[in-house]
Structure formats: structure tokens, C-alpha cells
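Work through the following exercises with the sequence and the predicted model side by side. Each task is followed by a solution that proceeds step by step.

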Amino acid sequence: FGDFEAVKDVSFEAREGAITAILGPSGSGKSTVLRMLAGLETPTSGRIWIAGRDLTDTSTQERRVGMVFQHYALFRHMTVAKNIAFGLSVRKVPKDAQEARVRELLGLVQLEPFAHRYPDQLSGGQRQRVALARALAPKPSVLLLDEPFGALDAKVRQDLRHWLHEIHRELGITSLLVTHDQEEALELAHQLVVMHEGKLEQVGDTNAIYNEPATPFVAGFVGAANVIQGLVISGRVQFGEQHLDGAGHIQEGAPAHAYVRPHDVTVSSVPINGSSSAATVERVNDLGWISKVRLVLADGQALTAEVPNERLDGVAAGGRVYVDLRNAKVFPPASGAVVPSDELAAL
């Protein structure tokens, strides 16, 4: 767009019959990718293939894609039934076939009693179900969903996610879901495409993205993570008097960041093993069956642990505890600066 490059050398393949989530923060380029797939934007370079056909220069109408937007984009002057039938009427589908398809979809999205209502007479969740039914009406080969639940409150989003999962299991339509909601992506998608600043960070299934992040951005963005800063000494991240394994790929003496999930932080009132670190409990937030424990390490670095309440014995604000950090993913910081040799010697 002018001098601004919104998407840079992004290539991936979405599996047929699966949900692929394009995940990233605002401004990462994910919606631009979706709009190019839909034919609403023209790529400056590169090609778009759908079901084995190069559709880069094909019009939106000829691509056989259905699109659902965040703010529904329903026609306010049309009833629910007429909104759903809109794509069919544009394609000159016979009236009786339109009516049969609309009845089928009203049943699918559980809105039969609302066929003759107008969008303003529906809740947000109901409007989004109408928008999905309208996108499905022409039987698209690919369903594109651009932040479809972003305008809804948390409880409705959760209900619609479950409902969309059931719809997809029934129809098996190839779907691409754009979202910045990590929980939504991890819950719904078979494959994740993680983007940042217009570039592709990592592509993989949810297990690989969450447990084997390829970049510091993925480690910090997909799921909560504590970031422990230290120096690489003998292939380990040294911080204070403690160390973490997994830094053998980073230059000796270089700074490093270790990413540790809150549920991978074990907290105990007594030393856990030879590598546990002393920490002070800053606060404990009870969330029902689990508590979030805010900790400060001896070197001043803070981290959060998620601890089941039955394991909180002796852990209270102001107390001294011991923590064991597991499954750390270690990366060099963006700067890549090397620690001066005199600082290294001091360690």
C-alpha cells in the first residue's frame, strides 16, 4: 500500500478439510492475506492457488470462497432468510432451490424461528450465525473467517467457538480463520500460521507451535511465557546463581532469553532439587482450582507460576519459596549483543 509493505514473502499451504488459523497481533498482515485469498486485494507479487487452480487473477465471484467478517456485514433491510439467500440470488439459482438451501442452513445454524426477523432484532451471536449461513449458502470450496468473534463478549465467543467446531466437523469445509486470540486459535485450528510485522514466523500444528516455538516472538506470543534474562555460560543460561539448559546453540558469553510457561514453574516451600532457585512471593491470586503466583527471583527478575491450589501449601505473599523452571526455550535477544569479557569473567 504505497510505500508500506503489509505482507512480505508469506507462503503456506492450508490443508484441505481442516481449519487453518492465521494468528498474529494487530497490524501483522493476517487480514491482508485473507483479503488477497478472497480477491478483495491484489498481491503485488506471488501466486494464490485454491484446490489446485491458480486464481491470482480471478475475480472474487469466480473463486468460490465464502467470507465472514468481524462486524457481520449483514444487509439491515433484508430479513434473515433473504440475507442467507443473497449469494444464491446473485448467482441466479432457481427460487425453489434457494428456499430449500435457506431452510437447510437455518436448521444448521439453529435459527429457524428467526427467518423473518431483521438483523437489528437479533443478538450479536445470532447475527454472526446468519453471516456464517450466508457465506455457506453457495457451497464455497473455502471458508474465510476474519476475526469472526471479535465483536462479541467472552461468553458468547466461547459458545460460538464450540458451535463452529461442531459445524466444521459436520461439513468438513476447508477454512481459514484470522484471529489475534491465541485461545481461539489453539482451540479451533488444526494448523497455525503465526505472523508478525507482515512476515511468517512459524507454520505447524498447535502442539508444535505451543511446545516447540521457532522464534522468540512465537514463544512469547502463543501462550503466556516468562522471559528470564541471562548470559550463556558453558551452554547454559546463567542468571544470578542459577542456570537453565538449552543454550548450546548460542555463542558463549552472549546474552540469552529463556522462555518458560507459567505451568512449567514448580513452586515449593523447601528446595526442590540441586537447581531450584530461591524466590520471594509477591502475591497470590486465587482463580478457583488454580492460583497465579507472582514471584521475584534473587536477582530481581519477576515471573509468574500457575499452581494448582492443592499444591499451595506454605506459599503465601511475602514468603520465601523455591522454584524449579522446566522446559525452557532459549533464544538470543533481538540485539544479539555479546557481553564484554570482563563481565563474563565476573560471573
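**Exercise 1. Describe how helix H4 and helix H5 pack against each other, beginning with the handedness of their crossing.**

Step 1. In this predicted model, H4 passes H5 in a right-handed crossing.

Step 2. The two helices, H4 with residues 124-136 and H5 with residues 154-171, have axes 11 Å apart and pack at an angle of about 20°. That angle makes H4 roughly parallel to H5, because angles under 35 degrees count as roughly parallel.

Step 3. On the H4 side, the contact is made by Gly125, Gln128, Arg129, Leu132 and Leu136, and on the H5 side these meet Val156, Leu160, Trp163, Leu164 and Leu171. Sorted by character, the residues of this contact of H4 with H5 comprise 7 nonpolar, 2 polar and 1 charged.

**Exercise 2. Determine how strand S6 is covered and which strands pair with it.**

Step 1. Strand S6 spans residues 174-179 and is mostly covered, with 6 of its 6 residues buried.

Step 2. Thr174, Leu176 and Val178 point one way from S6, while Ser175, Leu177 and Thr179 point the other way, and all of them are buried.

Step 3. Strand S1 (residues 19-23) pairs with S6 in the parallel sense over 5 bridges, and within this pairing Thr20 has Leu176 of S6 as its bridge partner.

Step 4. Strand S5 (residues 142-146) likewise pairs with S6 in the parallel sense over 5 bridges, and here Asp146 has Val178 of S6 as its bridge partner.

**Exercise 3. Lay out the open sheet of 5 strands and identify the strands at its edges.**

Step 1. Reading across the open sheet, the strand order is S11-S10-S9-S12-S18, and the pairing is antiparallel.

Step 2. S11 (242-244) and S18 (329-331) stand at the edges, and each has a single partner strand, so one side of each is left without a neighbour in the sheet.

Step 3. On average, and with direction ignored, neighbouring strands of this sheet are turned by 40° against each other.

Step 4. Within the sheet, S9 (residues 226-233) and S12 (residues 255-260) run antiparallel and are joined by 6 bridges, and Gln229 stands opposite His257 in S12.

**Exercise 4. Locate Asp9 and Ser234, and state what is notable about their phi angles and their exposure.**

Step 1. As background, most residues other than glycine have a negative phi.

Step 2. Asp9 has a positive phi of about 55° although it is not a glycine, and its place is in the segment before S1. With a relative accessible area of 80%, Asp9 is exposed, because the cut-off for exposed is over 50%.

Step 3. Ser234 is a residue other than glycine whose phi, near 55°, is also positive, and its place is in the loop between S9 and strand S10 (236-239). Ser234 counts as exposed, at 63% relative accessibility.

**Exercise 5. Place Glu212 in the chain and list its contacts beyond its neighbours within four places in sequence.**

Step 1. Glu212 is found in the loop between helix H7 (206-211) and helix H8 (216-221).

Step 2. Once its neighbours within four places in sequence are left aside, Glu212 is in contact with Gln202, Asn207 and Lys329.

Step 3. Glu187 lies 25 residues from Glu212 along the chain, and the C-alpha atoms of these two residues are separated by 17 Å.

Methods. Residues numbered from 1 in each chain as written. Predicted model: local features only at pLDDT ≥ 70, side-chain atom pairs only at ≥ 80, totals over all residues. Heavy atoms only, no water. Axes fitted to C-alpha atoms, helices over the stretch in contact; angles between N-to-C directions. Parallel < 35°, antiparallel > 145°, perpendicular 65-115°, else oblique. Left-handed = near helix turned anticlockwise from the far one by under 90°. Contact = heavy atoms within 4.5 Å. Nonpolar A, V, L, I, M, F, W, Y, C, P; charged D, E, K, R; others polar. Pairing = 2+ DSSP bridges. Buried < 20%, exposed > 50% of the residue type's maximum accessible area, 1.4 Å probe, protein only.
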